[in-house]
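Here is a friendly walk through one model, in questions and answers. Keep the viewer open and follow along.

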Amino acid sequence: MDAADKKKLSERDICTKFITPALTQSGWDQHYHLREEVNVTDGLVLVNGNSVSRAKPRRADYILYYKPNIPIAVIEAKDNNHIVGAGMQQALAYAEMMDIPFAFSSNGDGFLLHDRSDSYEPMEHELTLAEFPRPTDLWTRYRKWKGLDERKEQIITQGYYIDDVRKMPRYYQVNAINRTIETIANGQDRVLLVMATGTGKTYTAFQIIWRLWKSGTKKRILFLADRNILVDQTKTNDFKPFGSAMTKITNRQVDKSYEIYLSLYQAVSGNEEERNIYKQFSHDFFDLIIVDECHRGSAADDAMWREILDYFKTATHIGLTATPKETKYVSSVHYFGKPVYEYSLKQGIEDGFLAPYRVYRIDLDKDLQGWRPTRGQKDKYGVEIEDRIFNQKDFDRSLVLEHRTELVARKISDFLKNTGRYDKTIVFCENIDHAERIRSCLVNENADLVKENGRYIVRITGDSPDGKAELDNFIMPDSKYPVIATTSKLMGTGVDAQTCKLIVIDKRIESMSEFKQIIGRGTRINEDYNKFFFTIMDFRKVSELFADPDFDGEPLDGSRYDPTDPIAPPLPKPPGEGMKRYVVNDVPVSVVAERVQYMAADGKLITESLEDYTKKNVTRQYATLNAFMNSWTKAEQKTVILEELEEQGVLFEALQEQVGKDYDPFDLICHVVFGQPPMSRRERAAKVRKANYFTKYGEQARKVLDAPLSKYSDGGITDIESMEVLRVDPFTTFGTPLEIVNTIFGGSANYMSAIRRLEQCLYTAEC
C-alpha cells in the first residue's frame, strides 16, 4: 500500500491492517495476551435535573497482558495522518492509571516506546513494526523492574479466579490485588488497602485470598468483619467459590478442618478469658488474616481485632477500609503501614463506577439562631428547662423541639412525593430516640402508603430486633419494602444498599470517617434498578465537609500520628448521651433557606449560583452571543452542541427548573449567559406557523412537518432531529418512515433539508 492510500485509512483500519499483525508476528496471542478497545472506565454519570447521561469512557486501543489480569503494556493508535508518537500522552495516562510499565504509540508506520521501568535506553525511542518486543522480552524487563526471583514470580503469576460469566475486575481492583500480592511476595506482613465504599473491597479481598491460597503461599485464612450481615453477604456472594473449604465460625464453636474461616470479631473474642475462642487455635494456625472495615476501633490497642492480630502475630495482616483513621490516638497507618493502593470516592465518581450526588441543603431558623426558653418555662412533661441558649448541637440530644422533627419529616416526604415515593431512603438521626420520633412523624406524613404496608417505614437500630430483621430486606434490590429506614449508627457502615437514592442527614457529624461512611451508603450504581445518582438532604450543614481538604485528600502518610505518644484514654461519650433531655412541643420551627447543589463535571459540588456556573462553562467555548449563534446556525444537528455543553457541565434540566420548563436549551443559554429575553417553545412554534415556511411544500409534506413542530412544542429540539420520530404517532398515519422520506419528500436528503430549514425558521428571522 502506498503512502497516499495509507493516509486514507481510518484509525481502526490502521489497527487491523498494521498494528495487530505486527503484534501477532511478535508472539502476542490475540485470545490470550491481547485485548482491543478496552473501556478502562465507564464514563462519568452526568446528572441533569432528574435525567442522566454518561460522559465518554476512557478507552485504550490495546492492552497487552503477560497473563490474564497482569497488564504489561498499553498501545494507543492514531491514523496515518498523525506522527508515530501522537498517541503517547494518552498511552502514558492509561499506563499510569493501570500500573503498566510500557507505553506505546503507533500510526501504522512503527511504534514509539516509553519505558516507565527504566530498563530501556533511551527511555523513549522508535521501533519498526517488525521490532515490537516479544512477550518474554517485556516480561524479563518487568521481572527486573519488580525485583522478582523464581519464588516471587510463582506467587505473582498465580491466576485469578475466573467465573462462568468471565467477570473482569476493574482496573483499580487489578491494581489493588496485584500490589497486595507483590507486597506480600516481597515479605511485608502488614498491608493496608484504602478503597471507597462501593468499589468492591470484598471482591478484591476474595481475589487476593484466592491467588495466595492457590499458589500455596497462604494455606489457612481468617476473614474478620464486625457485622453479621457483612459476614453472611461475603460467604454467600464473593467468597462462594471457596465452597467446602470455607466455614463461618458460629455459636463460639471451632472446627479446625477448614482452610477459609469467616467470623465476627465478637464471635471469637470477648472480655472474659474463656470467651476468647480464637485461643483454641495455635498461634501459627492462620497464615493470613484480613480485617474488613478496619477503621472501626482502628488500631486502638484494646480493639477486638487487635487482640486477635496480636495473638496470630506470625500471620500476614491485611486491613481493608474506605476511611482510614488518622488522629492523635488512632492510626491505621501506624499499625498497617502506608496504603499499598488507594482508590478514592472522587476518582470512582470521575471514572463512572460510583454514583455522583446532589445536595439539597435545608437551613432551619432554630438551628441558625438558637433558642432560649422564657424564665421558668417548662417542657411538655412539666420539667423546668435550663435557662440558656440551645443551639444545633443540643437538638435531639439535650433538647427536643417536636415541631422541628415534624418539619424534617414533612420536607423528606415532600421531596419523595416529587421524585419517587418508593425510592429507598436512609435517615441518619442523632440517637435511637430521635430515630423513633422521626419514624413516627414520617408515618403520619405518609399514612396512605403505611396503610398499604406497615413496613413502608421502619426504624433499624441496634436495640430493635424487629428493625434489624428488616435490614436484609432494605438492602435487597428486588425487595419493595422497607422503603424508608430511620437509624442512628447501625446503617452507617458496611451496609450494601445498592438502590438507596436518598440519604438524609439530621445529625451532627464531626468525624470525617463517619461522614464518608454515611455518604458511601448511596454511592453504588445499579443500572438494572435505574440507580445512577443519589441525593443528600442535609439539615445540619454537614455537607460543608465536602469542602474539607481531608474529604478526598492526598494518600495518608501517617504525619498526624506520633508513635511516641502514650496510649490515649477512651474517648468520652458523645454530648447528650445519658444527660437530661427536655421535650418542647409548643415552639414553632420554620425553613430559612433551601437550595440544591449539583456536582460539576470535575467531581466538585457547585457552590456558586447555577446561572453563574452556566455562564462560566458556556463562555469558555462561546465568548460572545454572535459566536454561539453562528455555531448554532451552522450546526447540521443542534443536539451535538447541546451534548458537548452537557459534557462540559451545563445542567439544562436543572436550569429549566429554575428559569422555566417551557424554555428550549437554546433560549436558556441566550437568556442566562447572554442576557437575551427568552421565548418559550410554544411561542417559537407559533412563529413558524405564522410565517410563510409551510407554503414551500405540498399538502402532505406540510402535514408531516407540522408533526415535529408539535413535538418540539412539547419536548424540544431532540424530537425534531431524530429520524426515529418517524416511527411513532402521528407520523405512522402518513406511512412507514421509508414511505414518508421517499414518497412525500423524494429522499432522506430532501427530508433532512426540510428539517434544517424548519430549525432555521425556529431560531432565526429567516423563514
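Q: In this predicted model, which residue of S7 is the bridge partner of Phe104?
A: Let's start with how the two strands meet: strand S6 (residues 102-106) and S7 run antiparallel and are joined by five bridges. Within that pairing, the residue in S7 that bridges to Phe104 is Leu113.

Q: Which residue in the turn of the S6 and S7 hairpin has a positive phi?
A: S6 and S7 form a hairpin, and three residues sit between the two strands. In that turn, a positive phi of about 95 degrees belongs to Gly108.

Q: Which residue in S8 is the bridge partner of Leu113?
A: S7 also pairs with strand S8 (residues 124-128), in the antiparallel sense and over five bridges. Leu113, which is the partner of Phe104, also has a bridge partner in S8, and that residue is His125.

Q: How many of the six residues of strand S7 (residues 110-115) are buried?
A: In a regular strand the side chains alternate between the two faces of the sheet. On one side of S7, Gly110, Leu112 and His114 are buried, and on the other side Phe111, Leu113 and Asp115 are buried, so both faces are covered. S7 is therefore largely enclosed by the rest of the structure, and its count of buried residues is six of the six.

Q: Which strands stand at the edges of the open sheet of seven strands?
A: The order of this sheet is S19-S20-S18-S21-S22-S16-S24, with mixed pairing. A strand at an edge has a single partner strand, so one side of it is left without a neighbour in the sheet. The two that fit are strand S19 (457-459) and strand S24 (591-597).

Q: By how many degrees are neighbouring strands of this sheet turned against each other on average?
A: Direction is ignored for this angle, so parallel and antiparallel neighbours are treated alike. The average is 15 degrees.

Q: Which residue of S22 is the bridge partner of Arg361?
A: Strand S16 (residues 357-364) and strand S22 (residues 534-538) pair over five bridges, in the parallel sense. For Arg361, the bridge partner in S22 is Asp538.

Q: At about what angle does helix H14 (residues 402-419) run to S16?
A: H14 lies across S16, strand S18 (424-429), strand S20 (484-487), strand S21 (500-506), S22 and S24. Its direction relative to S16 is given by an angle of about 145 degrees.

Q: Which elements are included in what covers the buried residues of H19?
A: Helix H19 (residues 512-519) lies across S18, S21 and S22, running at about 150 degrees to S21. Six of its eight residues are buried, so H19 is largely enclosed by the rest of the structure. Those residues are Met512, Ser513, Phe515, Gln517, Ile518 and Ile519. Their cover includes helix H12 (345-351), S18, S21 and S22.

Q: Is Pro339 buried or exposed?
A: Pro339 lies in the loop between helix H11 (332-336) and strand S15 (341-343). Its relative accessible area is 17%, and the cut-off for this class is under 20%, so Pro339 is buried.

Q: Which residues are the closest to the centre of the second largest pocket?
A: This pocket holds about 1,200 Å³ of space. Of the 38 residues that line it, the closest to its centre are Gly200, Asp238, Asp496, Gln498 and Arg524.

Q: How many charged residues are in the lining of the second largest pocket?
A: Helices H6 (171-185), H7 (201-214), H8 (228-236) and H18 (471-475) each give two or more residues to this lining. By class, the lining has eleven nonpolar and 13 polar residues, and the number of charged ones is 14.

Conventions. Residues are numbered from 1 along each chain as its sequence is written. This is a predicted model: local features need pLDDT of at least 70, side-chain atom pairs count only at pLDDT 80 or more; totals for chains, interfaces and linings use all residues. Side-chain values use heavy atoms; hydrogens and water are left out. On a 1 Å grid over the protein atoms alone, a cavity is a set of points where a 1.4 Å probe fits but cannot get out, and a pocket is an open set with protein on both sides within 12 Å along at least five of seven lines; lining residues have an atom within 4 Å of a point. Grid points are joined across faces, edges and corners, and a volume is the space filled by probe spheres set on the points. Helices (H or I, at least four residues) and strands (E, at least two) are DSSP runs, numbered from the N terminus. Ala, Val, Leu, Ile, Met, Phe, Trp, Tyr, Cys and Pro count as nonpolar, Asp, Glu, Lys and Arg as charged, and the others, Gly among them, as polar. Two strands pair if DSSP finds at least two bridges between them. Axes are lines fitted to C-alpha atoms, for helices over the stretch in contact, and angles run from 0 to 180 degrees between N-to-C directions. Contact means heavy atoms within 4.5 Å. Buried means under 20% relative accessible area, exposed over 50%, partly exposed in between (1.4 Å probe, protein chains only).
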